[in-house]
Every structure is written in C-alpha cells, then in structure tokens.
Amino acid sequence: MPSSSLTTSVSRYSGRKAWEAVKHCVILKEQHRFPTSGGLDDDQELRSLYSVVKLLSQEGEVDLDTCTRLCERLNSRAMEPAAMAAMLKRVPRAVVLRHKVRSPLNKLLVKNHAKVLNTQVIAWRCVDRASNGRALSPQVLRSLDGLPCNQTGDMPAMQYFFPGVLYIFNDNHAPHVNWTNNTTCVGHSIVVHPDEPAFAAGNDLHVLRYPPLAVMVCPEGLTMASMSPGLLVDNCVPVMQATASFTVRFPEPMVMYKDAADNTPREYTISIKRVGIPLDHAMAVTDFYAQGVSFKKDPFFCHINPPPDSSIRRANILVPVSRPSLWDALHLVAPLWPKGDVQERKRVIQAFMRAVKPRPEYVKEMARLHDLASATWAELGDRYGLGSLA
C-alpha cells in the first residue's frame, strides 16, 4: 500500500495531467461582478471599487508606490464606532482572514445587534469534560474559551441566542430542508433544560445554567410551508444537543483535571468532549466561506489586517474586498495600522506587497493559458470563417 503522502503526490500529478489535457481555453478579462457598459462611467462608487478589485486581480507585479496607495485607500474605509452602531440596525456581516478573530467579533456583533433591536440575549456555555469523563481544571476551561471554533469541532465554547440571530449549520444533517454545512439559518426559539431556573427579566443578557436541549431555527431558503402546509411550524427545524470531540495541545504544561492530586503542571495535550448545540454564529465568517457570496447592499465589514504571526495571499484580500457592490459599502472593522505608527504601516504595506506579487508558477501557468487562448480563438475563427479572433 502506498503511503498517504505518495497517494497525494500521485493524485496531484494525475490532476495536473488531466488539466493539461484540455486543449481549448477562453480567458475572461473583465470582472463580471461589475457592469462594463455605462455603469462604470456613471457611478464613481462603482468605479472606485472596480479599480481596487482590478488591481488585486492583475497578473503582473505591483510596484511599491501603487501598493502604498492601495493600502492607504483601503485604510480610509476603517469604521468609526458611531457609524458601525448605526449599521447594526440591520443584520451585519463581517469577513475575516483568521478564525481567531471570528469568535470575539461574533460575540461583539451579536450583543450589539440585539441591543439595537432592544431584545435580550440568552447565553450559555457548552459543557466541557475530558474524554475520560473527568472534570477539567479552571485553567483548562479558561484556555478552551479562547480557542477559535475551527479547533473545537465547530462548536464555540460560548453560544448566544435571540429571535432573529444568524447561525451557520456545521453538518449535513438534512439536505432536503437546506440543513447543510455552512448554510445560514435564523434562530426562532430555544427549548430549555427542564431544571433551568426562571429567566431574570429586564437584563440585556441572561446566562443559562444548562445548555438548551434544542434551538429551533429556520434554514435559509426553506419553503416547506408551501410544499407541505402544517408540517413544520414557522418553517423551523430543531437543532438538538450534540457532542463534539477534539484534542488540544497547549503551549505550556497544564494542570488538566479538577481532581488532580497536586497542582503541578505536567501535560500539554488533552482530548475533550464538548456538549452543546452544533451551530456557529454567522455574523463573522472567514474569507473562504465568503467566496461566491455577494453581500450587495447589506451592512458589510471586513477584517483584512495582515496577521503578525503568519502570511496572507492575494485571494485573502481580494475575496473580502470584492464582496460588496460599491466602494462606500466596503468598511474595515479596524484600521490597517494604528494612526501615527510608522513601523506598523511599513509592515502592513510590505505584507500587501508580498501578497499581491504573483508567484512564479502562477505567471508561468497564465502564460501557458494565454497561448492556449490565442490558439483557441484562432481555431474558432478558422472553423467558422470569422478570421483571427485572438
């Protein structure tokens, strides 16, 4: 049996051979997200966004001055707190580059959106225990709260609800009712634990003692009522409690268990079982999720600050920036650098320079495809008597 690495290499080789076997190519040279006749000439906001998107899509290198102007233009779209609060009257959406940013940003957007709607937020913490059933130490529990959702079985440690809150499904439980991974759904109501004490009235936030037994949600685009009247109340389906299993490796030794014999940190790794609701909040999503999504005129924020501990690529910037339809619909959650911080400004511009610079293999492949496209148009012209269309 071949090793997994060898199997992967063979698969990539076979895929490349299949790709190169395609002998015809047509290259679309304009961003068809934007109208190319009339609209660009008449609409300054459309033209401003299009120029940035076109710059991020070009095949050649971007010089330092151009990249600096690009960063300055994007930085000018950083939101002021008052303007962000005004936009929260509608369901806000944010696109981020890193999973680490999603959890705190979702928490902020959920609470602020509920506050604008003058409704109470219901919160609960998932129940975490070691996979062997032992209770976890307070130190471990605090560390788990800060982990991004993609490291915890797609189930965040803290979960929130209010009528109208936006979630993402984390599994493909029922495709026939649009319950599929990454499909959005709207929170309708919750089924609380039978031992749950009565809610405290008048508070902006109420924390449950136990995770709810289920959250009733309406999947995006669900029209079961028209197909089967009375089958689903308010087009809602119940998302029941579930268990997520994951392993965590901490950067330093930890006291893992609440009943540990002593308080000497000894272990780095532990397997966790988390009981909660298999939903994640959908107000902040990654740029991978946002591919193919257009937010049109909806309130839209993006967080494209280059992470200090890793790199970004051109697609990381292009995807969030090209989701809205107009320049004035694009807003940054935070400035790209603190005002007056010359060193951080330089670091960000250099990170953008590295991101937008085309990789050598990309340049080589695009040259091959351009040659193939020219041959394709020439062949079509000869075949249909249209002359050379290259």
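Leucine 97 is found in the loop that runs between strand β1 (93–96) and helix α6, and in this predicted model that residue makes a convenient place to begin. Leucine 97 is buried, because its relative accessible area is 13% and the limit for a buried residue is under 20%. Beyond its neighbours up to four places away in sequence, leucine 97 touches Asp287, His303, Ile304, Asn305, Ile312, Asn316 and Pro320. With one of these residues, isoleucine 304, the separation along the chain is 207 residues, while the two C-alpha atoms are separated by 6.0 Å.

The protein as a whole contains 12 helices and 14 strands, and buried residues make up 40% of its 390 residues. If one takes the contacts with a separation of 6 or more, 73% of them are between residues 24 or more positions apart, and the pairing of leucine 97 with isoleucine 304, at 207 residues apart along the chain, offers an example of such a separation.

Isoleucine 304 leads on to the interior, since the largest nonpolar core has 37 residues, of which Leu74, Ile304, Val321, Leu336 and Phe352 touch the most other members. At least two residues of this core come from each of α3, α4 (64–75), β5 (166–169), α9 (287–290), β14 (300–303), α10 and α11. Valine 321, leaving out residues up to four places away in sequence, touches Leu49, Val52, Val53, Leu56, Leu74, Ile304 and Leu330. Apart from this core lies another, of 36 residues, with Phe161, Val237, Met283 and Ala284 among them.

Helix α4 can be followed in more detail. The end C-alpha atoms of α4 are 16 Å apart, which agrees with the 16 Å that its 12 residues should span at 1.5 Å a residue. The buried residues of α4 are Thr66, Cys67, Thr68, Leu70, Cys71, Leu74 and Asn75, and they pack against α3, α10 and α11. As background to such a list, an α-helix has 3.6 residues a turn, so residues three or four places apart point the same way.

One of the partners of α4, helix α10, is mostly covered, with seven of its eight residues buried. These buried residues of α10 are Arg314, Asn316, Ile317, Leu318, Val319, Pro320 and Val321. Leucine 318, which lies in this helix, counts as buried because its relative accessible area is 19% and the limit is under 20%. Leaving aside neighbours within four places in sequence, leucine 318 is in contact with Val53, Leu56 and Ser57. Leucine 318 and leucine 55 are 263 residues apart in sequence, yet 9.4 Å apart in space from C-alpha to C-alpha.

Helix α10 also has a part in the second largest pocket, which holds about 350 Å³ of space. This pocket is lined by 14 residues, and the closest to its centre are Arg313, Arg314, Ala315, Ala355 and Arg359. Helices α3 (44–57), α10 (314–321) and α11 (342–356) each supply at least two residues of the lining, and the largest share, three residues, comes from α10. Sorted by class, the lining of the second largest pocket has seven nonpolar, two polar and five charged residues.

Elsewhere, methionine 256 has its place in the loop between β10 (242–254) and β11 (267–276). Methionine 256 is buried, with a relative accessible area of 2%. Not counting residues up to four places away in sequence, methionine 256 touches Ala135, Leu136, Ser137, Val140, Phe250, Glu267, Tyr268, Thr269 and Ile270. Of these, threonine 269 is 13 residues away along the chain, and its C-alpha atom is separated from that of methionine 256 by 8.8 Å.

Two asparagines in loops complete the tour. Asparagine 118, in the loop between α6 (99–116) and β2 (121–125), has a positive phi of about 60 degrees although it is not a glycine. At 73% relative accessibility asparagine 118 counts as exposed, because the limit for that class is over 50%. Asparagine 182 lies in the loop between β5 and β6 (184–191), and its phi is also a positive value, near 75 degrees, in a residue other than glycine. With 37% relative accessibility, asparagine 182 counts as partly exposed.

Methods:
Residues numbered from 1 in each chain as written. Predicted model: local features only at pLDDT ≥ 70, side-chain atom pairs only at ≥ 80, totals over all residues. Heavy atoms only, no water. 1 Å grid on protein atoms, 1.4 Å probe; cavity = no way out; pocket = protein on both sides within 12 Å on 5 of 7 lines; lining within 4 Å. Points joined across faces, edges and corners; volume = space filled by probe spheres on them. Helix = DSSP H or I, 4+ residues; strand = E, 2+ residues; numbered from the N terminus. Nonpolar A, V, L, I, M, F, W, Y, C, P; charged D, E, K, R; others polar. Core = buried A, V, L, I, M, F, W, Y, C linked by side-chain atoms within 4.5 Å. Buried < 20%, exposed > 50% of the residue type's maximum accessible area, 1.4 Å probe, protein only. Contact = heavy atoms within 4.5 Å. Expected span 1.5 Å × (residues − 1).
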